[in-house]
Amino acid sequence: MTDDSRFIYRPIGILKSPYARRIDAPHQSTVVAGTETGNFALATLELQHWLDEKVIQDLSGFERLWLIFAFHLSEGWRSSVKPPRGGPKRGVLATRSPHRPNSIGLSAVELVTIEGRTLHLRGVDLLDGTPVLDIKPYVPYADAFPEARAGWIDELDARLGRNSAPGPRKPR
């Protein structure tokens, strides 16, 4: 593989979300403080026509899913960024900034129900129109590591409270 290798992905669906602008959406799917309703957002994801409905067969038993998506409105990136929780600039790969070398995101969401080719989701932090590249089932024994260290975030938690995160930014 060379430095200029490229990958081409086709979205498996486009997310329909109540969040039209970045300032409206929470920074993490589990943080809804400061959103318009203060509730976990509901969203839908309809599979693209080129996918066979069998691809979501057996998903209905899962409570949570990982959405792998493209930050489609992200423009450019920097090697260090200022996290929304404050503090000094951090290396972009040590953050969850949408402005990344490759604009790919990951979000754990709740699967509410499936109707035909449409997945009804709750607790999204994605903007309306976000291209979803893939879905993976959330598997607690493999995906949850509650005692894992979180580097500089642990330091912030010690100062600001465990798992504190800002809600959406207010319009300027």
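**A walk around a six-stranded barrel**

Lys-136 is partly exposed, with a relative accessible area of 43%. Here buried stands for under 20% relative accessible area, exposed for over 50%, and partly exposed for what lies in between, with a 1.4 Å probe and protein chains only. Lys-136 makes a salt bridge with Asp-134, and their closest N and O atoms are 3.4 Å apart. Asp-134 is itself partly exposed, at 31% relative accessible area. A salt bridge here is a side-chain nitrogen of Lys or Arg within 4 Å of a carboxyl oxygen of Asp or Glu.

Before going on, a word on what you are looking at. This is a predicted model, in which local features need pLDDT of at least 70 and side-chain atom pairs count only at pLDDT 80 or more, while totals for chains, interfaces and linings use all residues. Residues are numbered from 1 along each chain as its sequence is written, and side-chain values use heavy atoms, with hydrogens and water left out.

Now for the overall layout. The protein contains two helices and eight strands, and from the N terminus on the order is β-β-β-β-β-β-β-β-α-α. These elements are DSSP runs numbered from the N terminus: helices are H or I with at least four residues, strands are E with at least two. Of the 172 residues, 33% count as buried. The protein exposes about 11500 Å², of which carbon and sulfur atoms supply 53%; such areas come from the Shrake-Rupley method with a 1.4 Å probe, and for residues only the protein chains shown count as cover. Among contacts with a separation of 6 or more, 77% are between residues 24 or more positions apart, where contact means heavy atoms within 4.5 Å.

The feature to trace next is the barrel. Six strands close it in the order β1-β2-β7-β6-β3-β8, with antiparallel pairing. From one strand to the next the twist averages 45 degrees, an angle taken between N-to-C directions on a scale from 0 to 180 degrees, using axes that are lines fitted to C-alpha atoms, for helices over the stretch in contact. Two strands count as paired if DSSP finds at least two bridges between them.

Start at strand β1 (residues 13–16), which pairs with strand β8 (residues 131–137) in the antiparallel sense over two bridges. Along this seam Gly-13 has Val-132 as its bridge partner, and Ile-14 stands opposite Pro-131. Strand β1 also pairs with β2, again in the antiparallel sense, over four bridges, and there Lys-16 stands opposite Thr-44. In a regular strand the side chains alternate between the two faces of the sheet. In β1, Gly-13 and Leu-15 make up the covered face, and Ile-14 and Lys-16 the uncovered one.

Further round, strand β2 (residues 42–47) and strand β7 (residues 118–122) run antiparallel and are joined by five bridges. Thr-44 appears again here, standing opposite His-120 in β7. On another seam, strand β3 (residues 64–70) and β8 pair in the antiparallel sense over five bridges, with Ile-135 in β8 as the bridge partner of Leu-67.

Which residues in contact surround Ala-70 of strand β3? Leaving out residues up to four places away in sequence, Ala-70 touches Ser-103, Thr-130, Pro-131 and Leu-133. Ala-70 and Tyr-9 are 61 residues apart in sequence and 9.7 Å apart in space, C-alpha to C-alpha.

Side chains add further links. Altogether there are two salt bridges. Besides the pair that opened this tour, Glu-110 forms one with Arg-122, their closest N and O atoms being 3.1 Å apart. Glu-110 lies in strand β6 (residues 104–115) and Arg-122 in strand β7, so the pair ties together parts that are 12 residues apart in sequence. Both ends are partly exposed: Glu-110 at 22% relative accessibility and Arg-122 at 29%.

Two serines round off the picture. Ser-107, in strand β6, is buried at 3% relative accessibility. The side chain of Ser-107 makes a polar contact with the side chain of Asp-125 at 2.8 Å. A polar contact is a pair of N or O atoms within 3.5 Å; within protein, one must be able to donate a hydrogen and the other to accept it, and residues adjacent in sequence count only if both atoms are side-chain atoms. Ser-17 sits in the loop between β1 and β2 and is buried at 11%. The side chain of Ser-17 reaches the backbone oxygen of Leu-126 at 2.7 Å. Apart from neighbours within four places in sequence, Ser-17 is in contact with Ala-43, Val-124, Leu-126, Leu-127 and Asp-128.
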